[in-house]
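Me: Hey, I've just opened this one and don't know my way around yet. Can you walk me through it?

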Number of protein chains: 4
Amino acid sequence: MNDSRERTEQAAPIGVAIIGAGYWGPNLLRNFMKNPGADVRWMCDLDAERASTVIGRYSRIAITTEYDAVLADPDVEAVVIATPAASHAPLAVAAMEAGKHVMVEKPLATSVADGRKMVEVAAEHGVSLMCDHTYCYTPAVQEIRRLVVDGSIGSVQYIDSVRINLGLIRPDSDVIWDLAPHDLSILDFVLPEGLRPTRLAASGVDPVGAGHACIGYLTMPLGERGLAHLHVNWLSPTKVRTMIIGGSEKMIVWDDLQPAQRLSVYDTGVDLSVQDDDPDRQRELRIGYRSGEIVAPALPETEALGSAVAEFLASINEGRSAATDGNAGLRVLAALEAARFSLSGGGVMTPIYNF
Amino acid sequence: MNDSRERTEQAAPIGVAIIGAGYWGPNLLRNFMKNPGADVRWMCDLDAERASTVIGRYSRIAITTEYDAVLADPDVEAVVIATPAASHAPLAVAAMEAGKHVMVEKPLATSVADGRKMVEVAAEHGVSLMCDHTYCYTPAVQEIRRLVVDGSIGSVQYIDSVRINLGLIRPDSDVIWDLAPHDLSILDFVLPEGLRPTRLAASGVDPVGAGHACIGYLTMPLGERGLAHLHVNWLSPTKVRTMIIGGSEKMIVWDDLQPAQRLSVYDTGVDLSVQDDDPDRQRELRIGYRSGEIVAPALPETEALGSAVAEFLASINEGRSAATDGNAGLRVLAALEAARFSLSGGGVMTPIYNF
Amino acid sequence: MNDSRERTEQAAPIGVAIIGAGYWGPNLLRNFMKNPGADVRWMCDLDAERASTVIGRYSRIAITTEYDAVLADPDVEAVVIATPAASHAPLAVAAMEAGKHVMVEKPLATSVADGRKMVEVAAEHGVSLMCDHTYCYTPAVQEIRRLVVDGSIGSVQYIDSVRINLGLIRPDSDVIWDLAPHDLSILDFVLPEGLRPTRLAASGVDPVGAGHACIGYLTMPLGERGLAHLHVNWLSPTKVRTMIIGGSEKMIVWDDLQPAQRLSVYDTGVDLSVQDDDPDRQRELRIGYRSGEIVAPALPETEALGSAVAEFLASINEGRSAATDGNAGLRVLAALEAARFSLSGGGVMTPIYNF
Amino acid sequence: MNDSRERTEQAAPIGVAIIGAGYWGPNLLRNFMKNPGADVRWMCDLDAERASTVIGRYSRIAITTEYDAVLADPDVEAVVIATPAASHAPLAVAAMEAGKHVMVEKPLATSVADGRKMVEVAAEHGVSLMCDHTYCYTPAVQEIRRLVVDGSIGSVQYIDSVRINLGLIRPDSDVIWDLAPHDLSILDFVLPEGLRPTRLAASGVDPVGAGHACIGYLTMPLGERGLAHLHVNWLSPTKVRTMIIGGSEKMIVWDDLQPAQRLSVYDTGVDLSVQDDDPDRQRELRIGYRSGEIVAPALPETEALGSAVAEFLASINEGRSAATDGNAGLRVLAALEAARFSLSGGGVMTPIYNF
């Protein structure tokens, strides 16, 4: 965005409209309502009753089914879009062309072409286009990023993520498009250079006849010798939310379902030790705990979406890009599009367009 | 094996020699010593001191470094081989040609060709050739097999296995050859028709410069719409031993590190429910807990290796094949060999020879 | 309450005022707002700003610092009190004397005398007096009650509860008065005859100089041979919320921090087996798993406080006592008062007045 | 013991006899067999067949049913007693009077009088009398002791221990005498001045008609303001082995069933902060995480009993008392005897004789 375009009247709260009263809209609404820097003016949904239910009986917030009315309201400076993914691009483009800042639920769009269009329009109109990569704003991911960026864990050697549970089979997207954006956006956020794989392979199956993959695996080489692997699954009886980040110096295990110890940092690494001085014997490498100690860093218990909302508002007030801006959304989209291609080709390794 | 060749003197314990005093040999020794149907006569290792240490100061068991002496002992009816994999085939063939029954540590051999030779020699000489697929004899796997075979969980839709921890990087094999035999042998044991995938893809990396993959992922289509996926890893800071078996009627989670509840059977399955009668809306499938109930079956606390030893002795006494005979070992080898090919080809989907 | 006094205009929502905008008030507010049977008219707190913050910027709910104004509002039929415990009795009595139904946060009052007064006034004025024993409305406790009442677990032999974590040291009550009401109200709810211990012993310490016990243990004989034991603790580094209910036929473990399996029912009981027929040897009793199976019943994921609010509204509409009425609160108070006496006497066994 | 009496022939292994082939004897046997400093000469049990089974078919160790023969063997320097508790005193005294060093399974004896006699005889004959308080030799307890002794956790404010599971109901002792010796010996080992409570209260019940308590709770004041509390239980469907050691600076949680993280040290303590400067308001103390960090120290995976055996042998070779000598056993006995008195008096606070 045009960094010169800093908001002059920072004292006044930013007028906001929430679009979409489905699954995620109420969470966005609640977090914008809590932020004193926002003034929520509209809840907009094609279904007026759903919008009405979401704001509740005691609210002064206006509801509408008319998106044009929202865009026409000069007090609306920012539009927050939580509608089905296929509508993200047209709704966001219209809002940005009306001079509004836009926050979009993930994924940014349903194609790289659409996503690129959105990024261009944002640049053209000098507005903030933020993709709601909520997980990037969790204290756990913020800490992981810090540990990666400051070199604490050494170079990242591999990442293994498991995001599985029993859930609703979405009619409009496969499990990879539904769940992998979380992991891809986290990788983009914590890796020193962002999500820059050059290729990936995706496999998936639809054992229940849903019409698209309900279980998916993604494999992405990282650098010369590393690997990221994602497992996403709507059919798992147990819920797992675990990510291992293997570094050359330390390793991190993030178990998001353990509130008392979400992050564990293991003082672990490779010791190249020849275990026998007989040259005829092959050397053995021992991967050892350096000290064996595990440290679980302190994490604040803040709601990630509240921090995401604050970042969006700050990007507007400070006339800068959000931490997870349109380009971040676009990098995730590129990986998703490559996964779609790979999946249709039976798991073939597929190049990823890099931005 | 030649089923007519039943052992006549069943009353007398079977004379046994243990070959190899490395990592696994002591466990085999201990379990054969506990079984009253065996008479352990020899502990044989090229390193006499190692053999001596393994039997201990108080033992009457003879040690030797001479394999030929073992084979020449007419009181030795069975030879138990726990040496490096590359020596399995020559040692086993020599023993079987000397008329001895053979139990071999996994993997059966280092190539399908060698394994097939072993199976042929066993048939020719009418001896029992058993592969020590220890996990198949755990109460958990025995129960899983029962639940699959009796139809309790419906048809198997997918299997996801994670077998990871921080360990010794073996000099003579990659992580797939080291750890995946466990999972492949379990699949062979619990699937109604054994391990019959037609193809697989393997990816792996060596981030630490060990000379071969230290992290590996295997993907195997199961039937028309199913999938088995294995994750094996020497570089994980946490130990995980979990297998999910998704069935059309129920799902099983096996967590081998939870002694109080290793198996959980979820009354879970797909309910195809149209969530909206508006024909324009796409149907949504809800994967639901049928009743929501979880049942953890009772499992005896028996040592798997003790049961494996008992099965080997029974196969000799009853003149029959062991439950995990040479052919089972061969099916696992075929998958491993396909994995080796796929890995070297960058993860290409590779056909598996089926026996 | 006077059961004849059924509410005639059941169609109209019940006018409600929330008193107290501290820790618990916002939760009550949110749940009453969600219930269509309630019409929240007032949020009342001595601190207007706190009340204002709690309702938020977008709410139409009126705030006030004048309790008299609330009582004077004829549209207020029910008053919900979430103020410090010492004010429960005067506020509740005033409301009931003004003809209002009353829901009070636990504990009912700070003395049995006050609690009894409240119960009498409720009876006199024919209003519903409910104590907010929230845990009794969790799906887990409802299921435990069912398993106890229908005889599934046999007779209750012992109950062991641990409710510990690191928290705020309250200035106005010790840890027993703060946390044990949860456990005591659960016992009152699930035991077939309610909380009817005849005596108890309490021990506690104040290692940090807080002025009252921060760690407490309560021991209450149950029947002839049973026992209930509670551990409450503000100084534990880990959070534990576990209750074991030992029955003669089955045993229940409730681990409230395991959302995927809060309740486990063990098919376990005593087998009186003489292990040796030598009459000189003492018999050994084996407490065994009958079948060894664990069953985790399905539990809905409903918010307990929402169910408590529904029960309060239903008690008003149906002119009946609430499931956790003033008498339930009084039984809990009697135990707390005995605990206070025992604690001051160094853990002496103390009789409990029974109602 | 007489410290001047150092063993002269340290090079030769110490001749050992194991008395008792019941539950614990085989474990002692195995660990003495593994230690090169010991020469196991006898396995002695009244039941020759049981002794024979324990040593196994391949052993050169002699068995006997004659205790006198063991004592008469001049090559036996040390006797290891793992018989029912009631026989500890006579067997140990006889051995010590025959000049043998003695290691006794816990509890040291069944009365303080017997225990004191044993300690006196040991002193008189200048032999090592060690009580097998195995848990004191676990890496976890060794580390706890270090953290307490070096001041890392500040002063010990409270200890809460839970040792419960479903097990055999012993005919000859209640659950307190069976399980609490573990906890009492640990307290004796880790507390800076040993187990020095001045009084305790014990409550217990026998809901199944076993003839003595199957569930027990012990409460012991520690110093002026501290407390130790033990829960031991044969009737719990789940196994729990957890001890919390609350210090003024840090807190330790020891969960013995979590092999990957048995010890967690919480940087936690009391911050006395007045939360409001209004003098009319009472101050609130916040017990806070100082930094919030959890550190899990590295622990070696050694077998505790092997270390206990090594300590016993070292005490003989070095002519010194063992770390858990007869006096340690006596302090544990004193607490057990007070518990017996308290239990019979319905939980009355009972003084403990201190040595």
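Reply: Sure, here is a short tour, starting with how to read the model. This is a predicted model, where local features need pLDDT of at least 70, side-chain atom pairs count only at pLDDT 80 or more, and totals for chains, interfaces and linings use all residues. Residues are numbered from 1 along each chain as its sequence is written, while chains are lettered from A and ligands numbered from 1 in the order in which they are written.

Me: Okay, in what order do the 6 strands of the sheet in chain A run?
Reply: The order is E3-E2-E1-E4-E5-E6, in an open sheet with parallel pairing. Strands (E, at least two residues) and helices (H or I, at least four) are DSSP runs numbered from the N terminus, and two strands pair if DSSP finds at least two bridges between them.

Me: Which strands stand at the edges?
Reply: Strand E3 (62-64) and strand E6 (129-132) of chain A; each has a single partner strand, so one side of each has no neighbour in the sheet. From one strand to the next, the twist averages 25°.

Me: And how many bridges link E2(A) and E3(A)?
Reply: There are 3 bridges, with E2(A) covering residues 38-44. Cys44(A) sits opposite Thr64(A) of E3(A).

Me: Switching to chain D, how do H5(D) and H9(D) cross?
Reply: The axes of H5(D) (residues 112-125) and H9(D) (residues 326-344) come within 9 Å and cross at roughly 170°. Axes are lines fitted to C-alpha atoms, for helices over the stretch in contact, and angles run from 0 to 180 degrees between N-to-C directions. The two helices are therefore roughly antiparallel (the word used for angles over 145 degrees).

Me: Which residues make that contact?
Reply: Among them are Val112(D) and Met118(D) of H5(D), plus Leu330(D) and Leu333(D) of H9(D). Contact means that two C-beta atoms, placed from the backbone, lie within 7 Å.

Me: What about H9 in chain C, how many of its residues are buried?
Reply: 15 of the 19 residues of H9(C) are buried, meaning 20 or more other C-beta atoms lie within 10 Å of the residue's own, with C-beta atoms placed from the backbone. After H9(C) comes Gly346(C), with a positive phi near 75°.

Me: Last one: where is the cis peptide bond in chain B?
Reply: The bond from Lys106(B) to Pro107(B) is cis, with omega near -5°. Pro107(B) is in the loop between strand E5 (101-105) and helix H5 (112-125) of chain B. In chain D, a cis bond joins Lys106(D) and Pro107(D), with omega about -10°.

Key
A residue is buried if 20 or more other C-beta atoms lie within 10 Å of its own, exposed if 12 or fewer, and partly exposed in between; C-beta atoms are placed from the backbone. Angles under 35 degrees count as roughly parallel, over 145 as roughly antiparallel, 65 to 115 as roughly perpendicular and the rest as oblique.
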